[in-house]
Amino acid sequence: LVDSTSSPNPNLLEVKECELKPREDDLRLMLLGLPGAGKSSSGNTILGQDLFESGGGFNQVTSETRARSAEVGGRRVTVVDTPGVPSEALSPSKLFKEIMRTIQLAAPGPHAFIIVVCIGRVTKADAEVFKLLPKMFDQDAPLFSIVLFTHADRLRNQGIQGLIRDNEAINLLVSKCGGRYCVFNNLQRDDRTQVHTLLTKVTAMVGQRQNREYSSKMFSRVHFLPVEVSIKWHDLRDWFLEFIEKLKQILKTSNDRGIQTVQIKHQNKSGNTQHV
Ligand SMILES: Nc1nc2c(ncn2[C@@H]2O[C@H](COP(=O)(O)OP(=O)(O)OP(=O)(O)O)[C@@H](O)[C@H]2O)c(=O)[nH]1
Ligand SMILES: [Mg+2]
């Protein structure tokens, strides 16, 4: 349960340096998105410290779902970071299991499912990722969704509203998420107003849902997670395999046609840009 009246104070958004153990009264945020969208970096920005490995290097591709917690602006926050969908590092079945581990790591349920999208590298695949929510979690899961655009430093004159307006797939994604979106520049982690804006939007969204986190039968059966996962995998296997293939195709075609407005680049912490 979250007190929707206590929106985070931007002046208090400095973070205590230590990592905390997740607790039931935390605000829980799950990050989901294409590989390299900026999920782990955004997790670090939210928590104000390097608690997730990020960077696009060989060891920095996320291959396990992890939860990290910290106190942010006087509020305890847990971020659940998932591997990119589709993952080059994981087989579809392993990827499926890792995403399902959210049930355990965000128990008793996330307050927000955050779809992370890299500005300048937007494809239809970003919008497709959204389909995982009702399939893998529950029909209600989209009610708790929000889009987080990263790489705000790449926003040109167009501005974020222009990008959303001009890109049909992204327009659809944002409207499926109830019009909720935020923008991060993860190179500027000290800009705590971006985190404040996100947490305020999440708090407002939770307020509209009777101040409750998302919960479903699955989350209440967290103790039977392996059983839940095998049942789900049995039910969704064919759909998931097809879904992953479709995403790969979209991404491949986008690359081949050079559709992406900005080349896929990974930037290391010193700001040097590497083509990958
Ligand atoms: N310029 C810029 N680079 C960013 C931003 N956010 C993330 N990056 C860079 O983008 C690359 C990928 O970021 P990650 O956070 O590792 O992305 P991810 O979604 O966790 O990637 P996977 O775990 O492989 O799916 C890294 O080199 C980051 O430094 C941003 O806002 N601006
Ligand atoms: Mg990652």
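This section describes the fold of a predicted model, its central sheet, selected helices and the surroundings of ligand 1.

In the predicted model, the protein comprises 10 helices and 8 strands. Of its 276 residues, 42% count as buried. Among contacts with a separation of 6 or more, 77% join residues that lie 24 or more positions apart. One pair of residues distant in sequence is formed by T253 and T123, which are separated by 130 residues along the chain but by 9.9 Å in space, C-alpha to C-alpha. T253 belongs to helix α10, which spans residues 225–257. The residue T253 counts as partly exposed because it has 13 C-beta neighbours inside 10 Å.

Six of the strands are organised in an open sheet with mixed pairing, in the order β2-β3-β1-β4-β5-β6. The edges of this sheet are formed by β2 (66–72) and β6 (181–183), each of which pairs on one side only. From one strand to the next, the twist averages 25 degrees.

At the β2 end of the sheet, β2 and β3 are paired in the antiparallel sense, with 7 bridges between them. Within this pairing, A67 has V80 of β3 as its bridge partner. The two strands form a hairpin with 2 residues between them, in which G73 adopts a positive phi near 60 degrees. Strand β3 is mostly covered, 6 of its 7 residues being buried. Strand β3 also pairs with β1, here in the parallel sense and over 5 bridges. In this second pairing, L27 is placed opposite V77 of β3.

Towards the other edge, strand β4 (residues 112–118) pairs with strand β5 (residues 145–150) in the parallel sense over 6 bridges. Two positions define the register of these strands: I114 stands opposite I146 of β5, and V117 stands opposite F149 of β5. Strand β5 in turn runs parallel to β6, to which 3 bridges join it. Here the bridge partner of L148 is C182 in β6. Burial of β5 extends to 6 of its 6 residues. Both of its faces are covered, with S145, V147 and F149 buried on one side and I146, L148 and T150 buried on the other. The residues of β5 named in the two pairings thus include members of both faces, since F149 belongs to one side and both I146 and L148 to the other.

Helix α1 is likewise buried along its length. Because 9 of the 9 residues of α1 are buried, this helix is largely enclosed by the rest of the structure. The buried residues are K39, S40, S41, S42, G43, N44, T45, I46 and L47. They pack against strands β1 (27–33), β2, β3 (75–81), β4 and β5, and against helix α8 (192–208). The helix is followed by G48, which has a positive phi near 70 degrees.

Helix α2 (residues 92–100) has four buried residues, namely L95, F96, I99 and M100. These residues lie on the same side of α2, because they cover an arc of only 135 degrees around the axis. An α-helix has 3.6 residues a turn, so residues three or four places apart point the same way.

Ligand 1 is surrounded by 26 residues, and the closest of these are S41, S54, T62, G84 and N186. By residue class, the shell divides into 17 polar, 7 nonpolar and 2 charged residues. At least two residues of the shell are supplied by each of α1 (39–47) and β7 (265–267). Helix α1 gives the most, with 3 residues. S41, one of the closest residues to ligand 1, is also among the buried residues of α1. The helix that gives the most to the shell around ligand 1 is therefore one that is largely enclosed by the rest of the structure.

Technical notes. Residues are numbered from 1 along each chain as its sequence is written. Chains are lettered from A and ligands numbered from 1 in the order in which they are written. This is a predicted model: local features need pLDDT of at least 70, side-chain atom pairs count only at pLDDT 80 or more; totals for chains, interfaces and linings use all residues. A residue is buried if 20 or more other C-beta atoms lie within 10 Å of its own, exposed if 12 or fewer, and partly exposed in between; C-beta atoms are placed from the backbone. The arc is that of the directions from the helix axis to the C-beta atoms. A residue is near a molecule or strand if its C-beta atom, placed from the backbone, lies within 6 Å of it. Ala, Val, Leu, Ile, Met, Phe, Trp, Tyr, Cys and Pro count as nonpolar, Asp, Glu, Lys and Arg as charged, and the others, Gly among them, as polar. Two strands pair if DSSP finds at least two bridges between them. Axes are lines fitted to C-alpha atoms, for helices over the stretch in contact, and angles run from 0 to 180 degrees between N-to-C directions. Two residues are in contact if their C-beta atoms, placed from the backbone, lie within 7 Å.
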